[in-house]
Amino acid sequence: MATITTEGVQHVANLARLEFNDEETQHFTEQLARILDYIGKLNELETDDVPPTSHIHPHQVVIMGSQDGARHVAKPDVVKPSYPREDVLANAPEAEEGYFGVPRVVDRSH
Amino acid sequence: MSLYELTAHALHEKLKAREITAVELAESIYARINAVEPYVKGYLTLTKDIALEQAHVVDAGFQNGDDMPPLAGIPIAIKDVICTKGVRTTCASKILETFVPPYDATVMTKLNEQGVVMLGKTNMDEFAMGSSTENSAYQITHNPWDLDTIPGGSSGGSAAVVSADTAICSLGSDTGGSIRQPAALCGVVGMKPTYGRVSRYGLVAFASSLDQIGPFTKDVTDCALLLNAICGSDAMDATSVDVPVPDFTQNLINDVEGMKIGIPKEYFTPDLDPEIADRIHAAVAVLEQLGATVEEISLPHTEYAIATYYIIAPAEASANLARYDGVRYGYRNENPADLITMYKKTRSQAFGEEVKRRIMIGTFALSAGYQDAYYKKAQKARTLIKSDFDAAFEKVDVIATPTSPTPAFKIGERTADPLQMYLSDVMTTPASHAGLPGISIPCGFVQSGLPVGLQLLGAPMAEEKVLRVAYTFEQNTEHHLQKPQIGTNGVAS
């Protein structure tokens with residue numbers, strides 16, 4: 001497992017759509033390095049033949065004696081009313097003509 | 001005794017006999033809130049108008065002689081991570097300061113069908129990320145047993161208000177211990193049901209494969225009543241499990257004769273406060289005297305649970321929190337240059353430091369080149385932790401451990417060191433990885449007067465055995481009857 005540099009922190013911040021000033025970058029680099037160092041403890045474990053657990057569910061389905069369950073949850077394909085558009089838009093910082101408003105993303109000059 | 005000191009089941013008898021009204025009960029609680037909430041600061045929002053309206057409806061039912069559900073008229077507080085239609089739901093974050101959900105979480109729909117009286121929304125660590133409730137963007141909640149200490153977290157508000165008698169019961173959420181740990185530190189009963197028992201629809205997502213809603217109550221009987229109300233599969237949550245919900249009150253059996261209780265040796269490390277170890281051993285001795293068989297067991301991968309948790313939970317969180325971008329709800333940075341700048345400034349300005357830290361860890365663990373070394377490795381470690389429990393439950397019915405390695409710590413004591421704060425969850429995260437049901441019940445006090453919690457864990461869907469052991473312990477001890485003297489053992493700042 002690798003450690004993390006200030007450049008790494010800036011890269012990850014961009015992926016996460018966060019931004020930090022130099023002081024914050026330094027602070028997060030130190031803290032993340034320490035946390036990742038602790039997490040490195042997992043390298044003590046031999047896991048080549050261990051399957052990953054992404055979710056606890058398949059286990060529970062087996063426990064309950066059903067072989068077919070949570071992994072194949074499907075609902076009847078029936079149209080049902082959704083929440084009223086005005087109720088959903090009521091929380092939007094900007095709404096216009098029934099849509100969410102955002103800064104322009106298409107440059108008109110092209 | 002004042003009404004606010006009573007349990008839900010005791011109050012139901014009084015309501016049914018029409019000795020009291022739901023409105024009188026609600027007024028009693030709000031008077032108590034006025035008296036002690038300035039010290040405890042457990043609530044972010046109070047909803048007295050809604051509460052009194054709900055109480056009036058329930059009173060009409062009782063007056064008609066209708067057959068009213070056990071929670072009708074019972075005042076309840078709701079962690080501010082659970083969506084409440086028309087009532088602001090902030091997750092204790094600036095980014096959701098103005099968010100008013102257009103819908104109710106499934107648990108709220110179920111509770112409203114019972115006729116509960118909603119008192120308000122409780123404080124928490126921002127987006128449920130923390131172990132002390134100090135990560136709230138709004139206020140610090142104080143432990144009613146010592147106002148200079150934290151109430152635990154992340155559901156610290158929900159634990160503190162039940163402990164302070166400013167709610168009869170409450171709902172919280174538990175991802176790595178966020179119900180059980182604050183319940184222990186505040187001296188109340190708190191339970192995380194099996195993953196999938198309770199619908200997560202309307203629970204603002206933190207780590208979707210771990211999150212589960214559960215109750216805080218003053219005793220185990222109330223815990224069973226709340227479980228009856230909130231459990232069950234839900235078409236709105238594909239991860240809710242479609243199994244019958246038993247009547248959990250049937251498991252309130254004062255008898256553990258023949259039950260096998262396992263004590264995992266890995267939980268009794270040098271880091272465990274010796275006074276807590278003593279209280280746990282004393283509690284186990286009580287169960288043994290009552291007829292349980294006690295045996296030492298081994299859960300060898302326990303020491304890897306925190307490292308595993310601090311990959312899996314942040315990874316899931318980094319994906320779940322991508323939705324806070326300033327477009328559909330909540331805070332937005334004013335006049336951004338472009339869309340990407342709006343995302344970045346919105347998120348950087350309105351998320352707190354711990355939330356950013358977890359998003360960073362999670363994004364890193366899922367990023368190109370690191371996913372196998374971190375995320376996949378953690379998922380494999382999760383399998384090993386779960387396998388330990390599977391093997392243990394072949395031999396024992398219930399596992400007993402301390403809930404927290406220390407009693408409540410001082411406000412500010414661990415905020416400078418995130419890793420030290422993460423280690424507060426060392427006793428609770430293993431069961432979270434395995435999706436197990438777990439309860440924390442009061443089992444005594446350390447010399448400084450702070451409460452200690454006993455954690456009881458069961459196999460998946462074995463809430464019944466956990467409740468039976470918890471109930472038997474409670475019926476034969478008096479720890480749960482102790483009340484904090486708020487304002488006499490600490491000064492609110």
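**Two chains and an open sheet**

Let me start with a single pair of residues: in strand 6 of chain B, the residue that stands as bridge partner to B:L171 is B:P215. What we are looking at is a predicted model, in which local features need pLDDT of at least 70 and side-chain atom pairs count only at pLDDT 80 or more, while totals for chains, interfaces and linings use all residues. Residues are numbered from 1 along each chain as its sequence is written, and chains are lettered from A and ligands numbered from 1 in the order in which they are written.

When I say helix or strand, I mean a DSSP run, H or I of at least four residues for a helix and E of at least two for a strand, numbered from the N terminus. Two strands pair if DSSP finds at least two bridges between them. As general background, strands of a sheet pair through backbone hydrogen bonds, either parallel or antiparallel.

Back to our starting pair, then: strand 4 and strand 6 of chain B run antiparallel and are joined by 5 bridges. Strand 6 of chain B, residues 212-217, is mostly covered, with 6 of its 6 residues buried, where buried means that 20 or more other C-beta atoms, placed from the backbone, lie within 10 Å of the residue's own, while 12 or fewer makes a residue exposed and anything in between partly exposed. Strand 6 of chain B also pairs with strand 5 (residues 189-192) of chain B, again in the antiparallel sense, over 2 bridges, and here B:G190 stands opposite B:F216.

Which way do strand 2 and strand 4 of chain B run, parallel or antiparallel? They run parallel, with 3 bridges between residues 75-79 and residues 169-174, and B:A77 has B:S170 as its bridge partner.

Now the whole sheet: 11 strands of chain B form an open sheet with mixed pairing, in the order 1-3-2-4-6-5-10-11-9-7-8. Its edge strands, each pairing on one side only, are strand 1 (43-46) and strand 8 (293-297) of chain B.

Turning to the helices, helix 8 (residues 274-289) of chain B lies across several strands, including strand 10 (438-445) of chain B, to which it runs at about 105°. Axes here are lines fitted to C-alpha atoms, for helices over the stretch in contact, and angles run from 0 to 180 degrees between N-to-C directions.

The axes of helix 9 (residues 305-320) and helix 11 (residues 353-366) of chain B come within 7 Å and cross at roughly 95°. These two helices of chain B are therefore roughly perpendicular to each other; by the cut-offs, that name covers 65 to 115 degrees, whereas angles under 35 count as roughly parallel, over 145 as roughly antiparallel, and the rest as oblique.

Finally, chain A, which has 4 helices and 2 strands, arranged along the sequence as α-α-α-α-β-β. Of its 110 residues, 18% are buried. How many residues of chain A are in contact with chain B? There are 47, and they meet 57 residues of chain B, contact meaning that the C-beta atoms of two residues, placed from the backbone, lie within 7 Å. Helix 2 of chain A gives the largest share of the side that touches chain B, namely 7 residues. By class, that side of chain A has 31 nonpolar, 10 polar and 6 charged residues, with Ala, Val, Leu, Ile, Met, Phe, Trp, Tyr, Cys and Pro counted as nonpolar, Asp, Glu, Lys and Arg as charged, and the others, Gly among them, as polar.
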